[in-house]
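Me: I am new to this structure and would like to be walked through it. Could we look at it together?

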Amino acid sequence: MENANFLVVEDSPTMRQLISFSLKRFKNAKIIEAVDGVDALKKLSGPDRIDLILTDINMPVMDGLKLVSLVRQNAQLKNIPIIIITTEGAEEDRERGLALGANAYISKPIQSSHLIKTISELLSV
């Protein structure tokens with residue numbers, strides 16, 4: 001997808017950088033970064049249209065599951081695809097994330113090719 005705006009929600013600067021680097025494969029992608037769910041909600045209410053959210057689960061202040069839940073409850077945001085990227089690999093964590101409304105769940109360490117394929121499928125590119 002050209003000119004896509006991605007919101008990367010991750011408290012680890014290293015992981016944010018790694019995910020953002022993978023997203024540069026999308027032509028003219030704009031990557032907006034947030035350090036937790038509260039920061040993400042601020043960015044979602046900002047001037048940039050967000051096409052896809054990538055979020056960790058374990059973060060301070062507000063975790064990724066709460067973020068997914070709040071996004072799905074918001075009429076203006078509820079249709080934005082969400083990918084959870086986390087070290088939480090247990091099946092119950094995956095099921096909970098998807099039940100709350102995430103579109104995909106990827107366990108760390110991420111493989112860039114798998115991430116790109118998942119995003120492409122969600123954005124139909």
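Reply: The conversation below takes the helices first and then some individual residues. Please note that this is a predicted model.

Me: Thank you. How many residues does α5 have, and how far does the helix reach?
Reply: Helix α5, residues 112–123, has 12 residues. From its first C-alpha to its last it reaches 16 Å, close to the 16 Å expected at 1.5 Å a residue.

Me: Which residues of α5 are buried?
Reply: They are Leu115, Ile116, Thr118, Ile119, Ser120 and Leu123.

Me: And what covers the buried residues of α5?
Reply: The cover includes four strands and one helix by name: β1 (5–9), β3 (52–55), β4 (82–86) and β5 (104–107), together with α1 (13–23).

Me: What about Leu122, buried or exposed?
Reply: Leu122, which lies in α5, counts as partly exposed because its relative accessibility is 26%.

Me: Which residues does Leu122 touch, leaving out those up to four places away in sequence?
Reply: Leu122 touches Leu52, Pro81, Ile83, Asn103 and Ala104. Between the C-alpha atoms of Leu122 and Ile83 the separation is 9.3 Å, and the two residues are 39 residues apart along the chain.

Me: What follows α5?
Reply: Ser124 follows α5, and its phi is positive, near 55°.

Me: Let us move to α1. Which of its residues are buried?
Reply: The buried residues of α1 are Met15, Arg16, Ile19, Ser20, Ser22 and Leu23. They lie on the same side of α1, because they cover an arc of only 160° around the axis.

Me: Why can residues a few places apart point the same way?
Reply: An α-helix has 3.6 residues a turn, so residues three or four places apart point the same way.

Me: Which exposed residues sit on the face of α1 turned away from its buried side?
Reply: That face carries Pro13, Thr14, Gln17 and Phe21, which are exposed. The buried residues of α1, by contrast, pack against β1, β2 (30–34), β3, β4 and α5.

Me: Now α2, please. Where do its buried residues fall around the axis?
Reply: In α2, residues 37–44, the buried residues are Gly37, Asp39, Ala40 and Leu44. Seen down the axis of α2, they fall within an arc of 155°, so they line one face of the helix. What covers them includes β1, β2, β3 and α3.

Me: A different topic: at what angle do α3 and α4 pack?
Reply: Helix α3 (residues 64–73) and helix α4 (residues 91–100) pack at an angle of about 20°, and their axes are 9 Å apart. That angle makes α3 roughly parallel to α4, since angles under 35 degrees count as roughly parallel.

Me: Which residues meet there?
Reply: From α3, Leu65, Val68, Ser69 and Arg72 meet Arg96, Gly97 and Leu100 of α4. By class, this contact has three nonpolar, two polar and two charged residues.

Me: Where is Gly101, and is it buried or exposed?
Reply: Gly101 is in the loop between α4 and β5. It is buried, because its relative accessible area is 18% and the cut-off for buried is under 20%. Leaving aside neighbours within four places in sequence, Gly101 is in contact with Val68 and Arg72.

Me: Back to the strands for a moment. Where does Glu33 lie, and which residues does it touch?
Reply: Glu33 lies in β2 and counts as partly exposed, at 34% relative accessibility. Residues up to four places away in sequence aside, Glu33 touches Leu7, Val8, Arg16, Ser20, Asp39 and Lys43.

Me: One last topic, the backbone. What is usual for phi and for peptide bonds?
Reply: Most residues other than glycine have a negative phi, and most peptide bonds are trans.

Me: Which peptide bond is cis here?
Reply: The bond from Lys108 to Pro109 is cis, with omega near 0°. Pro109 is placed in the loop between β5 and α5.

Me: And what are the phi values of Asn28 and Val61?
Reply: Asn28 has a positive phi of about 55° although it is not a glycine, and its place is in the loop between α1 and β2. Val61, in the loop between β3 and α3, has a positive phi near 70°. Val61 is exposed, with a relative accessible area of 70%.

Terms used
Residues numbered from 1 in each chain as written. Predicted model: local features only at pLDDT ≥ 70, side-chain atom pairs only at ≥ 80, totals over all residues. Heavy atoms only, no water. Helix = DSSP H or I, 4+ residues; strand = E, 2+ residues; numbered from the N terminus. Expected span 1.5 Å × (residues − 1). Buried < 20%, exposed > 50% of the residue type's maximum accessible area, 1.4 Å probe, protein only. Contact = heavy atoms within 4.5 Å. Arc of directions from axis to C-beta. Axes fitted to C-alpha atoms, helices over the stretch in contact; angles between N-to-C directions. Parallel < 35°, antiparallel > 145°, perpendicular 65-115°, else oblique. Nonpolar A, V, L, I, M, F, W, Y, C, P; charged D, E, K, R; others polar.
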